[in-house]
Structure formats: structure tokens, C-alpha cells
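Visitor: Could you take me through one part of this structure closely, in particular the place where two domains of one chain meet?

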Amino acid sequence: MSSNNVASFNEARRVAIFGGTHGNEMSGVTLVNLWMMNSREEIQRKGVETQPFITNPKAVEKCSRYVDTDLNRAFTTENLSAPNGKDLPYEVQRAQEINRLFGPKGSSEAYDVIFDLHNTTSNMGCTLILESSKDHFNLQMMNYIKKAIAPDSCPVLLNEDPGLKYATARSVAKHSVGLEVGPQPQGVLRSNIFEAMRIILKHALDFIELFNEGVEFPPCTVDVFKVSERMDYPRDANGNIIAMVHPNLQDCDWEPLTPGDPMFQTFDGKTIPYEGAGAVYPTFINEAAYYEKQQAFVTTRRETLAANAIRKV
Amino acid sequence: MDHLGFKPLSRVAVCGGTHGNEMSGVYLLKELQVSQPERVRSFSLSTLLVNPRAVDACRRYTEKDMNRCFTDALLSAPTTATTPYEVTRAQEVNGQLGPKGSEKAVDLICDLHNTTANMGLCIITHVSDWLGLHLFKYLQEKITSAPVRLILLKSPFSEVYSLESVGKHGFTLEVGPQPQGVLRADIYNLMREGVNRALEWVESFNSGTVFEGGEVEAYIDVDTKDYPRDPKTQELTAAIHPQLQDNDFCLLKPGDPAFVSLSGETICYEGEALYPFFVNEGAYYEQNTAFKLAQRETLLLPAVSVKKPQ
């Protein structure tokens, strides 16, 4: 294999683990608090400074998703460069603070990797969220994690379409990795969900340690689900929801939805079928926080991404 | 105690949104409002969205849990500018559906709730409410798509703090599991079936049907277990054990796993063999409740029917 095909990256020395970006997503809140109050042994790796961090302490205190505005949509260029002041929404102030501590976003001083821990009410299992199809370091990490937990699966959701992606807390880092584990109700801590997230994180940190030690990871391919379209609930003229996710679609994240399949059910029991052009793979099906974002689920299409071999510089 | 007669149930109120993030009831109310004019009934059916502010915010409550505001004491407390919204609203609701304990109160209240716990469909009613108990018996016979269970309240009526105590008869219809803020079609359909069967029973009762007596199994709340917590910070140090999670109403015996610590150690249950319920209910973390425990009893119901006019 020619060394021309190997992508080189600096060692990943500075790694952050964010919890409580949404204050009612309990696995991340609990894990980060555990590491901040007690021993960090579990997340330490040779040559890596791993920083656990609660990103939205006021939302965690209230056990609500956010206080003024969604922190995980707040890291826009506009917000990060706004003159800082007490009048700014709480989460915009937090975004600026997080950008100072772990960024600045887009600069060479930014943290190498940020893992952002989330839960969802959707039946998504352990999902890894990728924001760029060209981040070979992240692709190799995700390939490593998938192999490590096989035969259990770990879907990778790619959200890079500028019209669909959003300005996440983790986007401050050079390599951003979202961990989305469900199903878990808001405000609830389920031990199986907590342990699953912990295991994924362990493998991710192991990967970083191996990389930093000089291991070269050969080229690989990663199957991903690429976000295609947001589907809202059917609504009446006043914007009220007039149907629910159909029982046949509920909990069927990552399974194919073909034209004609039941999609919604009205309150008096009628079925509304999916009428797209072809089969899609829905996810974020019936996420509690997305009712206000006009989203019943997102459709995805399957793609295979190629990752170059990688090694440290 | 063979056969009891009751006045017809002429005014029935179905309530939803007592907790603003328990979605099935909020949406079922709208459906009842739409379908109601199409039905001819022997009783008048009203619907009430109990906590509209909490519904708008999609939170359980804004200042105080609405379903703790219906004690005699709170219903008669003088209100000031600093009185929590829910206390004032409860007094308003009591004015509309009650007053609690008076002749003017509606005949039957059905209060719709969801839980994050795997409890199927539960009827929660007062031990003295024979009609509530018979409603449960009927629902349990008719509904086969999910387990249907009875939870009994035994405190004196003046101390009962929940909404259904405002009516002459009343019950809470608790359906789970469903996350807060989520509307699941299967849970909605189950609740809808529960309400339809309850209204069917009322119709049948008013028309003179004699509902035969018999035995029913009931769960009586006797104890509560909190999560293990750090004594200084009060933060949780353990979660519900996977063998207890989702196993509401499965007998929990001493020595059975109850919690798993954040470092992975099993913490066993130590107490009487009892039936856990409300296992890992999201709203109960702040009430220091990981799960409740019930004794199971068999009750003998008398036959009931509508009292014939003298």
C-alpha cells in the first residue's frame, strides 16, 4: 500500500466528553458527573488529557432540555461572534464560554476530539453521529467501534447536508462525535442505556490511545445512513398535530420504509401511508424533543463511505 | 352486602393534561370533543384540560404538582398573589367539577395519565368507591390487548390529594410505558379503548344492568423505595437493576436485584416480598421514589345497579 494514501493527523491529545448538553438526557449527565466527582481512571488513556464537562448546568439543574434555547443548535458563527453580554440567551452565553474553553471553533487551538453524550426517546440503539463524510479520523474511529462491539450493532448517522445539519456543541472540536443512545424517556436513567453508552465511549478512547501510539489503521469502508429529509406530523390549519406515528413505524428506526407502508395514524384510527419515491430508512422516530421542531422522523439513505488509511504525524 | 343501588351517573367528566407532559390524555380529550356530538348518551359528557399552562410548556407542572392539590385543606386555602398557579387552578377545577364532597359534584371523573413505567393499564380508585371498582372489573374483562390492574387508595377522602376525588365517583386511568412529551399510538389506542369501555359501562349502568358481584385482585400501596444516593450531594449512585426494570407487578422478594450501582455492583432488595410498581417513573426522582411497593389483596364486590326511582 502506497504511503500516499495514508492520511496523517496530529496525535489526539486533548479530548472532551460533554454531558448535559440537553439537561434531561440522563446517561450523559450521570456519566460526566461520575467522572467529575469520582475517579477518572475509566476515561484516562496514556498521552491523552480527557476532560469530562457538563455543558448546560442550568438545564441539568432544572432537568429540562434547555433554559432559553437549544444549546445544541447555538454554535452558529453569528452566536459565537456576538458581543457577549448578560442580555444574550443563557445558552448563547454558554456557547461562547464553551467555544473559549474548547475551541475556538475552526482554529488550531481547538480540542482534538469532543464526544457529546445524548439520549433519545427513539429506538435508535447506540447511534454514532458524523458531521462530515471526509473526516477520515472519525470514520476510522467509527469502524473500530463497530468492529469492537460486533455482533451488536452501532448505526452511523451522517448529517452533513448544509440544509439539514445544525451547529452542535461538539462542532467546536477538530473531530466531533455524537453519541445518541435510546430509547430512554427524558429525565429517566435506564441502566442498560447507561452501560451501552459507557462501552461505546471505552472503545472510542481505546482507538485514540492506539492511534496516538502510532498504530496505522488500514483503509476501510463504513456503512452510514445519510440524512435525507425531515418529515413532520400531519397538522391542521392551526398547526395542531392530527395524527401519530403509526404503530407499525413506531420503534422501527433503521428498518426500511417502502411506499405504501403505514406511516401515521389519525386519532380516530385511519392509516396514512408513506408515499415517497422509494425505500428510505427512517430514524429519530417519535423523539419527544422534536415535536416543537416539526419533526416526526427523518428519512435516511444508505451509503458506503471510504476511509483512507490513517496514522499519526 | 349483596346488592347496592346507586343514583344514575348523569354527569361524567373526562380530564386530561393534569400533568402537562402526559400526552395521551391531552390528545384524547380533543378526540372526545370532536366525536361527542355524534353520540346519544344517557349522561352528559364533559371534557376538561386541567393544567393548560403545563400543557403549553409541555412540563408536568409549572409551580406545584396539580395532582397533589385536591385535599380539602388546599381546596379551601385562601389564595394570595404568591399562591402557586396549580393551587388556584385546582380551586377553579373544584368549582367546575365539584365542590368535592358536595351534592353538586359531577357523578364520575375519569382522569387520564401516563407513566414512564411499564404498568400497562391501571385503574386507580378509592377502596370505598364500588362503582369505580366495578368499572375496573368491566375493563379487565373486556380489554385483552394489555394487562389491566387495580390500584387502591385507602386514605380518608379529605386527605386524598388527586383530582378524581372531586367527583362523587372517580378513577385515574394510568397507561404506560410512554416517555414524557411523547405520543405513542399504541398507548393512545389503549387509553382510548379504556375510556370507551368506561363510557360503555356507564351507559349500561344507567340503563339498569345489574353488574354481578365477585372477587377482584387489587394492589395496595404500602411502601416506597428511593434510589441509593450520595449522602452529601443527594445525587443518584445507582440505577434500577435490569432485572427489575420494566417488571412492574412481578413479585419482588428479599435478595432479588433491585439496583445496580454506577460502578456495576448489584444492590439487592431487603424487605417483605411485595409487588413493585411505578418502577423508574421519570417524575418520581424528585419525590425520592425509585419504585413503590404494593400488597396484593382480594376484594369481594357486591352486585351494583342503578337505584330504581321510589
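Guide: UniProt positions are given here in the numbering used for this structure, and such annotations may be inferred rather than shown by experiment. With that in mind, the UniProt record, an unreviewed entry, places the feature "domain: Succinylglutamate desuccinylase/Aspartoacylase catalytic" at residues 12-208 of chain A. In this predicted model, that stretch of chain A is 35% helix and 18% strand, and its end C-alpha atoms are 7 Å apart.

For the meeting of two domains we turn to chain B, where the domain assignment gives domain 1 as 3-217 + 299-306 and domain 2 as 223-291. The C-alpha centres of domain 1 of chain B and domain 2 of chain B lie 28 Å apart, and the contact takes 14 residues from domain 1 of chain B and 13 residues from domain 2 of chain B.

The size of an interface is often given as the accessible area lost when the parts come together. Here domain 1 of chain B and domain 2 of chain B bury about 1,100 Å² between them, with 50% of it on carbon and sulfur atoms. On the side of domain 1 of chain B, the residues that lose the most area to domain 2 of chain B are Thr116(B), Asn118(B) and Met119(B), which together make up 35% of what that side buries.

As for the links across this interface, the rule finds eight residue pairs in polar contact, both residues being at pLDDT 80 or more, whereas it finds zero salt bridges. By class, the side of domain 1 of chain B that touches domain 2 of chain B has five nonpolar, four polar and five charged residues.

Methods:
Residues numbered from 1 in each chain as written. Chains lettered and ligands numbered in written order. Predicted model: local features only at pLDDT ≥ 70, side-chain atom pairs only at ≥ 80, totals over all residues. Heavy atoms only, no water. Helix = DSSP H or I, 4+ residues; strand = E, 2+ residues; numbered from the N terminus. Domains from an automatic or database assignment. Contact = heavy atoms within 4.5 Å. Buried area = accessible area lost by both parts, 1.4 Å probe. Salt bridge = Lys/Arg side-chain N within 4 Å of Asp/Glu carboxyl O. Polar contact = N/O pair within 3.5 Å; in protein donor to acceptor, adjacent residues only side chain to side chain. Nonpolar A, V, L, I, M, F, W, Y, C, P; charged D, E, K, R; others polar.
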